Amino acid sequence: MEHLIIARSLFGTTMAVHIIFATIGVGLPMMILTAELLYQKTKDIDYSIMAKRWTKAFAIILGVSIPTGTIAGLQITLLWPGFMKVIGTVMALPFQIEIYAFFLEALFMSIYVYAADRISPWMRNVSLLFVALGGLASAVLITNVHAFEGTPAGFDIKNGKIVNVDPWAAFFNPSFGINAIHVAVSAYIVGGFIVAMVAAYKMLKSESGTIVYKFHQKALMVSLIVGGLFSLFTALSGHETAQSLYKYQPEKLAGAEGLFKTQAYAPLTIGGYTDVKTESVKWGIEVPWALSFLAGNRFDTVVKGLNDFPQKYWPPLFIHTLFNAMVGIGMFLLFIAVFGFFWKKILKRDLFPKWLLWVYVACGPLSILGIEFGWIFACTGRQPWTIYRKLSTADSVTTAGNLGILFILFVAIYIVLAVTAILVLLYYFKRNPVLEDINRTEQKNV
Amino acid sequence: MDVYLAITILWGFVFIYSIMGTMDFGAGFWSMLYINRTKTKATNIANRYLSPTWEVTNTFIVALVVAIYSLFPKAAFTLGTILLIPGSMILLLLSVRSAFLVFSHIAEGYKKPLTYISGICGILIPGLLISVLPITHGNFVAFSNGRPQLKLASLFSSMNEYAFFMFAISSTLFLSSLLLADYSKASNEKDAYNTYRRDALIMGPISLITAILIIITLKSEGRWIYDKMMQNFPLLILSVFFFIAGFVGLLVPSFKPGYQGMPRLSVIAATLQYMIASYVYGYAHLPYIIYPEVTIHSSFTDPNSFRAVFVTYIVGFTMLFPGFIYFWSLFMNDKRYLRKKTKVDN
Ligand code: HDD
Ligand code: HEM
Ligand code: HEM
């Protein structure tokens, strides 16, 4: 048992680290593309400078997202050989196609960065588009594997043998589309709010009204619009995702909501923690009938409770808290983005108050936390299965020993990578302040 | 029939990655070695090659692993289990190497320490990667009630393993110095060219000796594969012939005034040399993936899956092909890039 827990912790940690950099790697190219397009449209040189600076940050982020992704991709075979045997036989397609997405991103990223001065502006935008597409496709395709784990399709297991394999049916498993959209739009939230975080911080540190302040304010507005829009899309698609749980993984939904008794007119409980003894959620706020409505669009929808399932198949009950935290963050980000937009565009205020800027600084880490909570909820909530009702986590794990020492080594490496990445980011942008970039471009243009 | 198609694809990936990987890790090592010799531009040349290519090269190793578990999932099960420790060591080194390589181009003030760390981690990786080969020969794998296990202690006391290890590192240095010599010549960097040409002249014979060491140690430690390789003895001789051709290529006079040697010719000859040798090795390895328990037949994927994956190979690489060509023309063949005087290492 001990062995399995270390394996789970090791893989979970790898994923938790990779996801930070990978999500920024999906979200940031979209922001860069937005800035490039805004530059083409408005001819405001500031947007072009933003694109350049964000590309630099993106290159540093890639320096971690690619190695941690390589670790993820190889470690999944090393730690879960039982799982990968099934995946290799039935669900190889997304991994395979993902390779082409990696190539697309890698080729055009190098072209965009290292050949920028030798290709036409038109070709630069095309390269950037391919980079953004490559990142998006990586995320969508790997999410497909995750979707398959929850809603497996395209094969049967008879007497321990995998039979009736239909790889395309597995590829288009029932929750693929819904999950992929949710992951994609939530990555763009992160792209937006990471930029908002930096912009707000820089506004706090510079004299209001200066060129630098205005530059960052422009960046903030762009990121709030993008972040806000995608928060809305994420909430909508999250609702779809929850309905898909209702249909395909009812015990996960029951765990997420802390619902024990199967019932129509089920209430939605916000906050609190799930208590097994009293079979209820303590300290939560109950909204009557809401869960039934969310699950099936009708108040009389019957929602299954945990008691309908043998306890050994229950997901861990703390996923209720993770689920609430994710949704809460989504709602908050949506609200705060709309608020900023109103402040600037409707109330026409020139300056943002300090407290609001600090809130925007916090939004960057919050958006990342949203992603982390969502994933831990999704992966841990699937326990005890790696492939829902087909393959258990215990049957997937490696039989090789010595996991403890590997866990320590990998955690140490992740800390080293994360810390150096942050130091390099700080170092580079301290050495190359915005003002210099602005002055340099102005000189070039005179 | 499908099985042979699948193993050929896999062999292709192994070969492409081993060539690209050696260039990549080798270039990292040379850029570290010559970092203090600012006048010869040897480091610049290495970085000019490395900066745009490492990401693409890295993707090939992922493609290789994915190909193993898509095509031979049951072999992936055994490999995954026995390679936990060596595989994790590779991953740890690889992650530090890639990340610090990127960082070294961005944090100018810390270029040296970052380059040293990534260069040293990088040069160890080929040695560990190639260790997978002796492991698949079976001597170091125990199957106790169906569960495979790696015997680490006997792996690290095997001469054969060390021969492979040294072969990987010397080949890395040989192939990469050849390539960089060619690259320097195209870039009109004479000093760098002379440096890399000299390195290739030194490393070539060393890599050949280590290759012979592999054969000798295989005779006692992996007799089955040794015997089967010897059935293709003429091809092995052909491989040595191409090695000599490559070596001679560095000694002949050049059409370009002031240069000695035709490195382009040597690169092609050396690639052919490695291709033939790895064909002989791979052919002898068949039908085993891990001797004697796992064969390509016993571990092959479901036929439906294979067909689907095969279709994506064709479609995927056809679609990417123009991208690769464009990439090649921008970084390998564009005089403006190659002969850039100003610093491009960002
Ligand atoms: C900033 C990130 C973020 C935000 C604000 C939200 N989500 Fe989310 N959510 C994710 C990021 C995320 C994720 C990390 O991307 C997950 C993990 C697995 C997945 O498919 O997406 C996820 C999973 C996930 C799942 C589980 C899917 C599964 O287990 O297969 C559900 C039911 C929801 N979300 C629902 C919502 C709802 C109703 C939200 C309301 C606002 C919401 N999410 C906001
Ligand atoms: C889309 C990509 C992902 C796939 C295919 C995937 C797949 C898996 C697999 C196979 C396992 C091991 C077996 C199991 O516990 O069921 C696992 C566990 C885990 N994953 Fe994911 N995962 C993905 C993304 C993530 C992300 C981004 C996180 C980030 C936090 C994450 C967190 C975890 C955790 C914490 C565990 C351990 C679960 C537990 O034991 O409670 N996963 N995942
Ligand atoms: C939702 C979760 C995930 C997202 C959004 C994501 C996204 C990304 C992105 C954007 C990259 C950089 C791609 C590039 O530039 O080449 C990347 C790299 C990578 N990821 Fe993930 N990833 C996720 C989970 C996973 C999981 C679960 C695995 C494996 C099991 C994985 C394996 C990889 C690999 C192997 C790479 C390196 C690719 C290369 O060498 O270029 N990722 N990922």
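A polar contact here is a pair of N or O atoms within 3.5 Å. The views below come from a predicted model.

**View 1. Polar contacts to ligand 2 in chain A.**
Thr380(A) meets that cut-off: a side-chain N or O atom of this residue is 3.4 Å from an oxygen atom of ligand 2. Arg382(A) places a polar side-chain atom 2.7 Å from an oxygen atom of ligand 2. Trp385(A) uses its backbone instead, with a polar atom 3.3 Å from an oxygen atom of the ligand.

**View 2. The shell and iron of ligand 2.**
The shell around ligand 2 holds 23 residues. The closest are Arg8(A), Cys379(A), Arg382(A), Gln383(A) and Thr386(A). By class, the shell splits into 12 nonpolar, 7 polar and 4 charged residues. Helix 1, helix 5, helix 12 (354-380) and strand 7 (385-387) of chain A each supply at least two of them. Helix 1 of chain A gives the most, with 6 residues. The iron atom of ligand 2 has a single protein donor, the SG atom of Cys379(A), 2.2 Å away. Cys379(A) belongs to helix 12 of chain A.

**View 3. The iron atom of ligand 1 and its two protein donors.**
His182(A) donates through NE2 and Met326(A) through SD. These donors lie 2.1 to 2.5 Å from the iron atom of ligand 1. In total, 6 donor atoms surround this iron, at angles of 78 to 179 degrees, which makes the arrangement octahedral. His182(A) sits in helix 7 (residues 176-205) of chain A, and Met326(A) in helix 11 (residues 319-346) of chain A, so the pair ties together parts that are 144 residues apart in sequence. Both His182(A) and Met326(A) are buried.

**View 4. Ligand 3, at a site shared by chains A and B.**
Residues from both chains surround ligand 3, so the site is shared between chains. The shell counts 22 residues. Those that come nearest are His18(A), Gly69(A), Glu105(A), Trp375(A) and Asn58(B). By class, the shell has 13 nonpolar, 7 polar and 2 charged residues.

**View 5. Polar contacts and iron donor at ligand 3.**
His18(A) has a polar side-chain atom 3.0 Å from a nitrogen atom of ligand 3. Glu105(A) has a polar side-chain atom 3.0 Å from an oxygen atom of the ligand. From chain B, Thr59(B) brings a side-chain N or O atom to 3.3 Å from an oxygen atom of ligand 3. The elements that give two or more residues to this shell are helix 1 (2-42), helix 2 (45-79), helix 4 (92-114) and helix 5 (121-150) of chain A, together with helix 2 (42-71) of chain B. Helix 2 of chain A gives the most, with 8 residues. His18(A) also serves the metal: its NE2 atom is the only protein donor of the iron atom of ligand 3, at 2.1 Å. His18(A) lies in helix 1 of chain A.

**View 6. Two buried residues of helix 8 in chain A.**
Gln217(A) and Ser244(A) are the subjects here. Ser244(A) has its place in helix 8 (residues 211-248) of chain A. Its relative accessibility is 8%, so Ser244(A) counts as buried. Setting aside neighbours within four places in sequence, Ser244(A) is in contact with Ser175(A), Ile178(A) and Gln249(A). Gln217(A) lies in helix 8 of chain A as well. At 9% relative accessibility, Gln217(A) also counts as buried. Beyond its neighbours within four places in sequence, Gln217(A) is in contact with Met203(A), Lys344(A), Asp350(A), Leu351(A) and Phe352(A).

**View 7. Ala153(A) in a loop of chain A.**
Ala153(A) is found between helix 5 and strand 1 (156-158) of chain A, in the loop. Not counting residues up to four places away in sequence, Ala153(A) touches Val90(A), Phe148(A), Ala169(A), Ala170(A), Asn173(A) and Pro174(A). Leu33(A) gives a sense of scale. Ala153(A) and Leu33(A) are 120 residues apart in sequence, and their C-alpha atoms are 36 Å apart in space.

Conventions. Residues numbered from 1 in each chain as written. Chains lettered and ligands numbered in written order. Predicted model: local features only at pLDDT ≥ 70, side-chain atom pairs only at ≥ 80, totals over all residues. Heavy atoms only, no water. Near = heavy atom within 4 Å. Helix = DSSP H or I, 4+ residues; strand = E, 2+ residues; numbered from the N terminus. Nonpolar A, V, L, I, M, F, W, Y, C, P; charged D, E, K, R; others polar. Donors = N, O, S within 2.8 Å, 3.2 Å for Na, K, Ca; no water. Tetrahedral: all angles 85-135°; square planar, octahedral: opposite > 155°, others 65-115°. Buried < 20%, exposed > 50% of the residue type's maximum accessible area, 1.4 Å probe, protein only. Contact = heavy atoms within 4.5 Å.
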